[in-house]
There are 2 protein chains.
Amino acid sequence: MEEMNIGQAAAAGGVSAKMIRHYEAIGLLSPARRTPAGYRVYRHHDVHNLRFIRQARRLGFSIEQIRQLLGLWQNQRRTSRKVKELAMQHIEALDERIRELQKIRQALAHLARHCQGDERPDCPILDGLAKGDV
Amino acid sequence: MEEMNIGQAAAAGGVSAKMIRHYEAIGLLSPARRTPAGYRVYRHHDVHNLRFIRQARRLGFSIEQIRQLLGLWQNQRRTSRKVKELAMQHIEALDERIRELQKIRQALAHLARHCQGDERPDCPILDGLAKGDV
DNA sequence: CTTGACCTTCCCATCATGGGAAGGTCTAGA
DNA sequence: TCTAGACCTTCCCATGATGGGAAGGTCAAG
């Protein structure tokens, strides 16, 4: 299976055919070669790219970050410094997001802790939302 | 200031005028009364609602969840059990999301830890993305 | 009466992804 | 050789919450 249609490439790369077309449309992938009938043709090399993208998406990198990572990956004269920089930035962003969510979780748990959760209507959670100070 | 235009209500409620119109359009808020000229008119009561929504959004509740919370808030025959249930569900979701992000963060930090971050091109981060197993 | 700050509706964009329609292509089997 | 059905193509629309901005109407102060 040296040459593939988009469906096979999608299955092999772990992404949907829909997304492959999208990645091509936004210039993340270079336009695929076409058969005379207009079908996109992919090779093993392309599947490699797709897997890279999938893995980067799984790690939460944005498309723009992946664009940079792909550029570095394909650039033999890259420095690992640059790559690590991108990764560290992303870790920072993840930490930030985790802290935010934990803060929210704390606030909500605090309200819930004081709520009886019984048949009566009195509810510190609703009161807390209604106060809306902060 | 017993009657307000949307701008004042927005400022008082801590949300944008744009969002007030949106909340009305999706039925989260009941349609505002209008002046003969078509301007929306708000009162203190409405600002109270806006604050509630803002606070719930800050705590990460979705619009649909807020729809339910508002319903409970305005229902004198609610049970705090129901409210607490919603809150606990949301806490669960937050925990889930936090765990996900921490897992991602771990994986990325693991790759970065082995990356020299120097002038050479060799980079375990790129290698890790390229493997794309998992 | 004019100016400028407000308001109205409507459309478009974000980000990554999927759904689905309308229509063309390919392949295996009768 | 014909046909069914599994592919492929492009194009448009939707998500969720939010903002930007255009075109045009309203209002209050000077």
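Begin by selecting Y39(B) together with DNA strand D: a polar side-chain atom of Y39(B) lies 2.7 Å from a base nitrogen of the strand. Please note that the model is predicted.

Next, select R40(A). One of the polar atoms in its side chain is placed 2.8 Å from a phosphate oxygen of DNA strand D. Then turn to S16(B), where an N or O atom of the side chain is 3.1 Å from a phosphate oxygen of DNA strand D.

The view may now be widened to the 18 residues around DNA strand D, of which G7(A), R21(A), R40(A), K18(B) and Y39(B) come nearest. On the DNA side, sugar and phosphate make up 71% of the strand D atoms that come within 4 Å of the protein. Colouring the protein residues by character shows seven nonpolar, six polar and five charged.

To see which elements contribute, select helix 1 (6-13) of chain A and helix 2 (17-25) of chain B; each supplies at least two residues of the surface near DNA strand D. Helix 2 of chain B gives the largest share, four residues.

Finally, move to chain A and select helix 4 (residues 63-73) and helix 5 (residues 80-113). Their axes come within 10 Å and cross at roughly 160°, which makes helix 4 of chain A roughly antiparallel to helix 5 of chain A. The crossing of these two helices is left-handed. Display the side chains here: Q65(A), Q68(A), L69(A) and L72(A) in helix 4 meet K82(A), V83(A), L86(A) and H90(A) in helix 5. The residues of this contact comprise four nonpolar, three polar and one charged.

Note on methods. Residues numbered from 1 in each chain as written. Chains lettered and ligands numbered in written order. Predicted model: local features only at pLDDT ≥ 70, side-chain atom pairs only at ≥ 80, totals over all residues. Heavy atoms only, no water. Axes fitted to C-alpha atoms, helices over the stretch in contact; angles between N-to-C directions. Parallel < 35°, antiparallel > 145°, perpendicular 65-115°, else oblique. Left-handed = near helix turned anticlockwise from the far one by under 90°. Contact = heavy atoms within 4.5 Å. Nonpolar A, V, L, I, M, F, W, Y, C, P; charged D, E, K, R; others polar. Near = heavy atom within 4 Å. Polar contact = N/O pair within 3.5 Å; in protein donor to acceptor, adjacent residues only side chain to side chain.
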